[in-house]
Amino acid sequence: MIYVTRREVFSASHRIYNPNLSDEENFKIYGKCSNPNGHGHNYTIEVTVAGEINSDTGYLIDLTQLKKIIRENVIDKLDHKNLNLDVEFLRDKIPTAENILIGIWNQLADKIPAGKLYSIKLYETENNYVEYRGE
Ligand code: NI
């Protein structure tokens, strides 16, 4: 089994809040992340595909192809967007790193042509990231 990873970045804004709670209750849970007018992040994602090397190509997956799949299905939908309002696959979700990551996974899971999607990491800051492996 071999693991191949592609890193991509996007910038987006969000406000972390539960619309069923008051601003005060949201502030108690989420602090400044719930500030009413939102804030931005430069996000990094790392998409790892796992599988066997193709003996004809020497590749698990062509990274140019993987890059294109990630850009078309994820980056183009998230970059320079408001994650509370603009993104179909995040509608009705609180746009925490966890929920954004599950949405990204669902965008990519059935679009990897060689090997299988093994893990995705989403970095919200240099020090904070979440990882998902599909279960
Ligand atoms: Ni934030």
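Buried, as used here, means under 20% relative accessible area, exposed means over 50%, and partly exposed is whatever falls in between, with a 1.4 Å probe and protein chains only. By that yardstick serine 119 is buried, at 4% relative accessibility. The structure is a predicted model, where local features need pLDDT of at least 70 and side-chain atom pairs count only at pLDDT 80 or more, while totals for chains, interfaces and linings use all residues. Residues are numbered from 1 along each chain as its sequence is written, and side-chain values use heavy atoms, with hydrogens and water left out.

Start with the sheet. Helices (H or I, at least four residues) and strands (E, at least two) are DSSP runs numbered from the N terminus, and two strands pair if DSSP finds at least two bridges between them. On those terms, 5 strands make up an open sheet with mixed pairing, in the order 3-1-2-4-5. Strand 3 (81-82) and strand 5 (129-132) sit at the edges, each pairing on one side only. Strands of a sheet pair through backbone hydrogen bonds, in either a parallel or an antiparallel sense.

Strand 1 (residues 2-14) and strand 2 (residues 39-51) run antiparallel and are joined over 13 bridges. Along this pairing, isoleucine 2 faces glycine 51 of strand 2, and alanine 12 stands opposite histidine 41, also in strand 2. On to the next neighbour: strand 2 and strand 4 are antiparallel too, with 7 bridges between them, and here valine 49 is opposite leucine 117 of strand 4. Strand 2 is largely enclosed by the rest of the structure, because 10 of its 13 residues are buried.

Then come the helices, for which contact means heavy atoms within 4.5 Å. Their axes are lines fitted to C-alpha atoms, for helices over the stretch in contact, and angles between N-to-C directions run from 0 to 180 degrees. Helix 2 (residues 63-78) packs on the sheet and touches strand 1, strand 2 and strand 3, its direction making about 20° with that of strand 1. Helix 3 (residues 97-108) lies across strand 1, strand 2, strand 4 (116-123) and strand 5, and runs at about 150° to strand 4.

Two residues give a closer look at the sheet. Serine 119 belongs to strand 4. Leaving aside residues up to four places away in sequence, serine 119 touches Glu46, Val47, Thr48, Trp105, Glu131, Tyr132 and Arg133. With one of these, glutamate 131, the serine 119 side chain makes a side-chain polar contact of 3.2 Å; such a contact is a pair of N or O atoms within 3.5 Å, where within protein one must be able to donate a hydrogen and the other to accept it, and residues adjacent in sequence count only if both atoms are side-chain atoms. Tyrosine 3, in strand 1, is partly exposed at 45% relative accessibility. The C-alpha atoms of tyrosine 3 and valine 49 are 5.6 Å apart, although 46 residues separate the two along the chain. With the same sequence neighbours left out, tyrosine 3 touches Thr48, Val49, Ala50 and Tyr118.

Next, the metal. Donors are N, O and S atoms within 2.8 Å of the metal (3.2 Å for Na, K and Ca), and water is not among the atoms, so sites may look incomplete. The nickel ion has His14 (NE2), His39 (NE2) and His41 (NE2) as its protein donors, 2.0 to 2.1 Å away. Their spacing in sequence reads H-x24-H-x1-H. Histidine 39 is partly exposed at 24% relative accessibility, whereas histidine 41 is buried at 16%.

Finally, the charged pairs. A salt bridge is a side-chain nitrogen of Lys or Arg within 4 Å of a carboxyl oxygen of Asp or Glu, and the whole structure holds 8 of them. Glutamate 88 and arginine 91 form one, at 3.5 Å from N to O; glutamate 88 is exposed at 62% and arginine 91 partly exposed at 41%. Shared partners link Arg6, Glu8 and Arg71 into one network of salt bridges. Within that network, glutamate 8 and arginine 6 meet at 2.8 Å, N to O, with glutamate 8 buried at 4% and arginine 6 partly exposed at 23%. Another salt bridge pairs aspartate 23 with arginine 15, their closest N and O atoms being 3.2 Å apart, and arginine 15 is buried at 12% relative accessibility.
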